[in-house]
Every structure is written in C-alpha cells, then in structure tokens.
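Trainee: I would like to learn how to read a ligand shell, a helix and a sheet. Please take them one by one.

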Amino acid sequence: MAKQRRWYPDDSVGLAVQGYAWLPDEWRRAGAWSAVHTRLLGRRAVALRGPQAVRFFYDESHVRRHGAIPEPVRGTLFGHGAVHTLDGEDHRRRKAIFQGLLKDPRRVGDLARRVGQAWDEAVAGWAGRPRVVLFDEASRVITRAVHDWAGVPLAAGEVAATAADLTAMVDGFATLGPRHWRARRARGRQERRLAALVEQVRSGTAEAAPDSVLATVAGHDELEPELAAVELLNILRPTVAVAWFVAFTGHALHRWPQQRDRLREGDLGYAVAFAHEVRRFYPFAPFVGGLAVRDLTFQEHRIPKGAMVLLDIYGQNHDAALWPDPYRFDPDRFVGREPGRDELIPQGGGDPAGNHRCPGEDVTVALLTTIATRLARLDYTVPEQDLTISLRRIPTLPASRFVLIPGGRAGAGAAAGPRADLARR
Ligand code: HEM
C-alpha cells in the first residue's frame, strides 16, 4: 500500500479561489496518484476520477449522501429534504417519481417540442431589437415552456421574474456573497408559490391536468406541501439551468463556426453528439460529494470513515486518459457512439434509477439539440464583447452571457486557442 500522510492542510480557500481549476491543479501535484487527498471545511476529503472511481463512488456501501451536502447548497440549489440528500430505500422511492416523469420519451419529446415552439415565438419578437442576451432569453423561453409542460400555471407577465428566480438559485449555491442571499430569497419565493399550489390542488380549489407533472407530484400525499414544492422545483429549476449550456452553445458556434454548418444540415445524430460535447467541454457542476460509510480503500488509497469523497466531474470530463486532446471542442468524439455510462459524467455517473445520477439527462440533451439546431440556422452577428469564461466562478458563463445582434449574416467567429476562453481569473 502506498505510504500516505496522516495530516492534510485545509484547502477550502484553494477551492474558493481557484474554482474549477482547484482539483485539476491538485491532480497535477498528485502526479500518478489515482486520488487527491486534502481537507475541506475541516473534514478529510479524497477526490477520485475515472470510470472505476465512478463505480466505487456510486456504491451505497461506500458513500452516503445524508449529512454530506452543506446547508448553503441545500438552502439554495436543492432545497431541504430533497431527493439529493436521501439514501437507500428512501432515495429509491423518491427517485422513482423523477424517473417516471423524466425518462419517458413521450414526455421528453413533448417538452422539447414546447421549448422549440417557445423559442420560435421569442425569435420572431427579436426583429428590430438592437441586442439579445442569449442566456437571459434562453432562460425565459425554457421557463415558459417547462411550466406549460408541467401544468404549473404561469402568467405571461410572471415569466421573466420566475426565470430570474430559477437561475438565481443555481447561480448562488457556491458562494456566500450577495449572489447566495439572492438565491435564498428566490428559493423562498418559489417554494411558497408552489407549496400553495400543491395545497390548492389537494383541496380541489385548483385544477391540475390529469397525468401532468403537477398532478403527479401533488398526488404524492406522503410529501408535505413544502416538500412537494421542493421536488417540483427540482424539475423546473434544473430544466431552466439548461440555459447555461445554451449560452455555451452560442460560444461554441462563434468560436468554431464550422459547427454551424454541420448543425444546419439537420442531422439529429450530429446534434446529439454536439450536445454531448457541450456538456463535456464546458464547466458546470464541478464535482459531487458524499461521506465514506466506513473505512474504505480505493486503489491503495485509504479513505477513513466519515471522510468526504468527491467525484471530480470537471476533472474526469477533461482527463486526457479518457478524452484525447481534452481541450479541443470536437463533437465527432460522440458521432456514431453512445458515451460510456461512467465516462461522460457532467450530470453524475452510474445508473440513474438506482443511485443519484441526474434523471434529467434526456431532457438536457433533447433541449440542447432543439435549441442548438435553431441557433445554428439563425442569422445574427456577434458584437465585440467579453467572452471570458472564468474558471474561478462557480457556476461560470461567458462574462457577457453571450450577446448577439439579430439579423445580418453570421460572420466568421474569431478563432479560439485550444482552451477557448477558459480563464483562471
Ligand atoms: C442543466 C443541465 C444539468 C446538469 C449540469 C445537471 C447536473 C446534475 C448533477 C451533477 C447531479 C448530481 C448527481 C449526483 O449527485 O451524483 C444532478 C442530480 C439531479 N438532477 Fe440534474 N443536471 C442538469 C439538468 C437536470 C434536469 C433537466 C433535471 C430535471 C428536469 C434534473 C434533475 C435532477 C435531479 C432531480 C437530481 C437528483 C438526483 C438524485 O439525487 O437521485 N437535472 N444533476
């Protein structure tokens, strides 16, 4: 067994300062080691990556979630009592609700169709506008469509404010600054709105379309209205979060304009490959974590009971052992082949039914292919703007949130270096 130190300094500041670059830097320091040993928030932490690590991490006899997710993340991103925090039978029972709603191709196709329609209507209204901020527009389009799809009422006048709340919850989970407090207030407003709706549906004072997402979640009487609201939000919020990937899609089409031509042809297989490469290449979820159930060993590395075990999502998606030339944007990696279950893990790994892997991957890919193809066919120009994607900020975006000017012919994008605009500032 490799000799391991007994004491590791706390590196919470390293994470706060370096963001997505924190673990990659640690990997470089670790050299050939298959784990990074450190300390976070005073607790021993071991970071892993690679398909074997994925299988190790998602084995419930190794890692549990209860007590692992810090309150600031539950109070903004997930909600208290959410599916993300459960283990064992409790988790599987709750997860089945999401699987039933999100893994049904008919429902996924219906949502993608509604998003396409809402996008076309929004674009029709862009004529004459001096500029459009792609991230903001995408978040509103998806907010409108996902509410319609879920059967959750939302007046036209409420779309922008609701989209702002749903994106704020994602934007503020990894900081304790003003963004964090905005996220908490947004969550409070949205939980109150949806808990009241669930109560009305249960008491018969509001109608929910039969078989809708709202009717299904409200029908789970074992969930208090507040908890039903948390889980409804765990469908609405992350769907709107696809707007992050839409902004990155705008960035990719600008930096690598040949991608536009390929997408314009309307080959669905290529559009899916493009969506996978956007999810692999661009930084979104940095890592996921749980707690060691008992003393563990992973490839000669001792992990003491109670230590935090991190699965390094960003690191694995840029690991040269899995992805040759990982900082090259290349959808051809996925043409004609499905990504390996435990290789491409932007939304977690393992089996979504049995563990915590995201149940929203089909939705994410369907929405991205729908919007990416439309964006590739759209005529617009890209004005001068700051396209830096800060690796220090979690979650990150092009600094400008990607601005375009509707109309005109899309000009050739400025070629980017191998790491595009990813920057350590
Ligand atoms: C925007 C793109 C998305 C990203 C980057 C993303 C990422 C993730 C990640 C990293 C996890 C945690 C996996 C783990 O803990 O092991 C997760 C879980 C989850 N995601 Fe997503 N997700 C996205 C979209 C969606 C969508 C569209 C939905 C629903 C419509 C969704 C619903 C969920 C739920 C309910 C969980 C909790 C699963 C569980 O704990 O069992 N996500 N997602």
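Mentor: We start with the ligand, then turn to one helix and one sheet. This is a predicted model, where local features need pLDDT of at least 70, side-chain atom pairs count only at pLDDT 80 or more, and totals for chains, interfaces and linings use all residues. Residues are numbered from 1 along each chain as its sequence is written.

Trainee: Which residues come nearest to the ligand?

Mentor: A residue is near a molecule if its C-beta atom, placed from the backbone, lies within 6 Å of it. Of the 25 residues around the ligand, P238, G348, H356, C358 and G360 come nearest. Two or more shell residues come from each of α5 (88–102), α11 (225–240), α12 (242–255) and α16 (361–377). The largest share, 4 residues, is from α11. Helices here are DSSP runs of H or I with at least four residues, strands are E runs of at least two, and both are numbered from the N terminus.

Trainee: Is α12 mostly covered or exposed?

Mentor: Buried means that 20 or more other C-beta atoms lie within 10 Å of a residue's own, with C-beta atoms placed from the backbone. In α12, 13 of 14 residues are buried, so the helix is mostly covered.

Trainee: How are the strands of the sheet ordered?

Mentor: Strands of a sheet pair through backbone hydrogen bonds, either parallel or antiparallel. Pairing requires at least two DSSP bridges between two strands. Here 3 strands form an open, antiparallel sheet in the order β4-β11-β9. β4 (132–133) and β9 (380–381) are at the edges with a single partner strand each, so one side of each has no neighbour in the sheet. V132 has L404 in β11 as its bridge partner.

Technical notes
Buried ≥ 20, exposed ≤ 12 C-beta atoms within 10 Å, placed from the backbone.
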